[in-house]
Amino acid sequence: MLVTTIINGLVLGGTYALLAMGLTIQYGIARIMNLAYGETIIAAAFLAFVLNSTLGVAPLVSLLVAAPAGFALSYLIYGLMLHPLVKRSKGRASLEVDSILATFGLLFVIQGVMLVFFGGNYISYTYMNFGIDILGSSVAANRLTALILALVLGGGLYLLLTRTLWGTALRAVSVAPQSAPLVGIDADRAARFAFALGGALATCGGVVISMYQTFTASSGVIFTMKALIVVILGGVGNLAGALSAGLLLGLVETLVATYVSPGLTLAAVYFIFLGVLLWRPSGLFGRAR
Amino acid sequence: MMKGAFVWAIFALTLAVLAAAPFFLEAYGLGLLIGLLGYVTLASAWGLFSGRTGYVSLATVAFFGVGAYAVAALNEVLPYPLVLLVAALAGLGLALAVGLSTLRLAGVYFVIFTFGLAELVRQLVTWYEINVTGTLGRYIFMDLGPEHIYWQLLALAAATLFITWRIDRSRLGLALRVIADDEVVAAHLGIDLARTKLALFALSSVIVTLVGAIQAPRWTYIEPAIVFNPTVSFLTLVMALLGGASRLWGPALGAVPLFLLFEWLSANFPNHYSILLGLLFIAIVFALPKGVFAFAEMHLKTRGGEKRIVPVEAESKP
């Protein structure tokens with residue numbers, strides 16, 4: 001029982017870590033607080049569901065469609081909607097307010113589109129729904145795949161950002177957006193790219209989630225919420241922080257759901273969030289500013 | 001001073017006409033006015049805090065729902081005035097908990113906290129109702145006609161506008177204007193940032209809670225999914241933004257056309273309602289970042305009309 005719970009917690013945590021990495025890139029590098037992030041996730045989950053139920057495409061294959069689609073769509077959203085706001089803003093704070101408001105509107109647009117197409121029902125499909133024996137307890141194969149996928153994608157992204165010149169440039173923009181242009185980095189392009197990359201991670205996360213969870217057209221808000229909390233826990237822009245905070249959150253949530261009550265998971269998440277705000281506002285792994 | 005007296009006379013006259021409205025309107029018209037007044041009050045209360053501090057609150061419906069639920073839970077136990085008092089206290093408690101933990105920090109923590117607050121409260125109420133009381137929905141049977149609800153809302157709306165007017169002219173209002181312009185300067189002037197923001201947030205939240213409490217008897221049947229509907233937060237925000245959240249009359253005047261538009265949209269395009277709302281919202285953020293009145297004023301000024309002194313408005317925080 002405990003082993004199953006812990007593994008399920010790690011699966012959920014791995015997914016949260018993946019989602020939070022996308023958001024931390026969008027917020028840390030592109031400086032956009034994207035409240036429609038969860039809607040991107042759910043849209044990808046619907047995509048995986050439709051491909052699976054109509055054409056019989058495996059979710060692992062739909063990733064090949066979802067990730068580029070997420071990238072392109074986010075690139076477009078940034079170019080059309082957010083870039084004018086960035087140009088207009090006079091400072092960090094006014095951009096924050098503008099981006100919060102604009103993406104809050106976007107949230108309702110995307111959610112509305114999904115409601116029109118799929119209605120408000122709970123959706124799920126079965127994929128790799130058999131047990132695999134780990135340490136004497138049975139874990140669903142789809143969950144295990146989800147965990148591996150999250151770790152591979154998250155790890156790949158981490159290497160990309162820390163080991164390549166291109167990734168270093170992105171991180172430079174995150175640390176010092178004013179100084180980055182001085183060393184020949186196109187901060188504008190970096191922001192656009194970071195936002196699109198974050199969108200691609202969100203859609204990957206959405207496909208992963210659809211493999212083992214039920215979802216509805218309106219559950220995006222909760223995912224945005226949790227991803228945001230993981231980002232704060234890990235420290236804004238901190239990938240390793242997002243990874244560990246995501247795993248922690250998934251574990252806590254699963255433990256609460258199993259041993260206390262499934263109805264109190266969000267309360268547990270908020271409790272942790274509150275604790276971090278009071279105790280270490282710069283994040284569990286962030287440096288004090 | 002003549003102008004001041006004139007404005008007061010118009011205010012009093014409008015209030016009197018509105019107060020007499022239930023004697024002339026049939027049920028549908030009165031219902032429409034109740035909804036409209038509810039949103040006028042919500043948007044004004046939102047502007048009172050968010051418009052003046054630049055802290056975007058996305059949790060309107062959390063307080064609104066708490067108010068409605070307090071009435072649903074207590075309407076058979078306590079007399080009505082006490083029920084309202086308890087509802088207001090519940091809203092105050094929630095506001096203090098949120099404010100104390102986030103308002104000392106950067107604005108973004110506040111936004112994140114309020115973003116999920118309604119969902120948190122909804123889940124907690126649902127959990128409590130299922131596990132402790134064993135039911136999900138509640139009934140409200142009260143001896144209140146629609147006209148009583150209407151008059152209460154009208155009084156609350158007038159009180160909200162009056163309080164906002166007073167605050168704008170008080171030391172608190174001056175402090176807020178400094179905070180909105182530059183928090184560092186404000187701190188150096190000896191303004192207690194956290195306390196000022198907290199006081200305003202608590203006040204605005206109590207008003208929102210009371211709107212929920214007063215409107216609750218209209219539903220008769222209440223369950224968490226009904227009273228914690230995120231569209232309420234969304235509509236409130238759009239209305240306040242359209243009119244200009246930092247102005248006294250902005251949110252109220254933004255609420256009137258938008259409420260009627262939303263009524264029409266939800267009747268004619270029920271399926272595409274939230275898409276249209278979202279697009280409208282984005283358009284407002286783009287075209288009228290400071291509200292339609294600031295836009296009109298700016299336009300008149302650049303057209304080279306009469307030279308007049310435009311009052312310094314509290315801009316959104318830089």
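These legends walk through several close-up views of a predicted model.

**View 1. A nonpolar patch sits on the surface of chain A.** Six residues make up this patch: A:Met1, A:Leu2, A:Ile6, A:Leu255, A:Tyr259 and A:Val260. Taken together, they offer about 590 Å² of accessible area. Which helices supply the patch with at least two residues each? They are helix H1 (2-28) and helix H9 (239-259) of chain A. If you want one residue to look for, try A:Tyr259, which lies in helix H9 of chain A. With a relative accessible area of 45%, A:Tyr259 is partly exposed.

**View 2. A:Gln111 is tucked away in a helix of chain A.** Look along helix H4 (residues 92-118) of chain A to find A:Gln111. Is A:Gln111 buried or exposed? Its relative accessibility is 10%, so A:Gln111 counts as buried. Setting aside neighbours within four places in sequence, A:Gln111 is in contact with A:Glu39, A:Ala217, A:Ser218 and A:Val221.

**View 3. A:Arg31 and B:Thr220 have positive phi values.** Most residues other than glycine have a negative phi. Here, though, phi of A:Arg31 is near 60°, and phi of B:Thr220 is near 70°. Where is A:Arg31 placed? You'll find A:Arg31 in the loop between H1 and helix H2 (37-55) of chain A. B:Thr220 is in a loop as well, the one between helix H9 (193-215) and strand E2 (221-222) of chain B. As for cover, A:Arg31 is buried at a relative accessible area of 15%, while B:Thr220 is partly exposed at 34%.

**View 4. A salt bridge joins A:Asp188 and A:Arg192.** Over all chains, the count of salt bridges comes to seven, and this is one of them. The closest N and O atoms of A:Asp188 and A:Arg192 are 3.9 Å apart. Both residues belong to helix H7 (residues 187-212) of chain A. Because they are four residues apart in that helix, about one helical turn separates them. A:Asp188 is partly exposed, with a relative accessible area of 28%.

**View 5. B:Arg52 and B:Asp168 form a salt bridge between two helices.** The side chains of B:Arg52 and B:Asp168 meet at 2.8 Å, N to O. B:Arg52 comes from helix H2 of chain B and B:Asp168 from helix H6 of chain B, so the pair ties together parts that are 116 residues apart in sequence. Are these residues buried or exposed? B:Arg52 is buried, and so is B:Asp168.

**View 6. Another salt bridge lies within helix H5 of chain B.** This time the side chains are those of B:Arg122 and B:Glu119, which meet at 2.9 Å, N to O. Both lie in helix H5 (residues 107-133) of chain B, three residues apart, or about one turn of the helix. How well covered are the partners? The cut-off for buried is under 20% relative accessible area. B:Glu119, at 17%, therefore counts as buried, whereas B:Arg122, at 25%, counts as partly exposed.

**View 7. Aromatic rings pair up in chain B.** The whole structure holds 34 aromatic pairs over all chains. In one of them, the rings of B:Phe23 and B:Trp151 have centres 5.8 Å apart and planes at 50°, so this pair is tilted. B:Phe23 lies in the loop between helix H1 (2-20) and helix H2 (27-53) of chain B, and B:Trp151 lies in helix H6 (residues 146-168) of chain B, so the pair ties together parts 128 residues apart in sequence. B:Phe23 is exposed, with a relative accessible area of 62%, and B:Trp151 is partly exposed at 30%. B:Trp264 and B:Phe269 form an edge-to-face pair, with 5.8 Å centre to centre and 70° between the planes. B:Trp264 is partly exposed at 47%, and B:Phe269 is partly exposed at 35%. Ring pairs also link B:Trp8, B:Phe11, B:Phe162, B:Trp165 and B:Trp249 into a cluster.

**View 8. The pLDDT of chain B drops over residues 304-318.** Chain B has a mean pLDDT of 84, and 93% of its residues reach 70 or more. Over residues 304-318 of chain B, however, the pLDDT is below 50. Beyond near neighbours in sequence, this stretch has 24 contacts in the model.

Conventions: Residues numbered from 1 in each chain as written. Chains lettered and ligands numbered in written order. Predicted model: local features only at pLDDT ≥ 70, side-chain atom pairs only at ≥ 80, totals over all residues. Heavy atoms only, no water. Patch = residues over 30% accessible without salt bridge, like charges linked within 9 Å, V, L, I, M, F, W, Y side chains within 5 Å. Areas by Shrake-Rupley, 256 points an atom, 1.4 Å probe, with all protein chains shown as cover. Salt bridge = Lys/Arg side-chain N within 4 Å of Asp/Glu carboxyl O. Buried < 20%, exposed > 50% of the residue type's maximum accessible area, 1.4 Å probe, protein only. pLDDT = per-residue confidence, 0-100. Contact = heavy atoms within 4.5 Å. Phe/Tyr/Trp six-rings, centres within 6.5 Å; stacked < 30°, edge-to-face > 60°.
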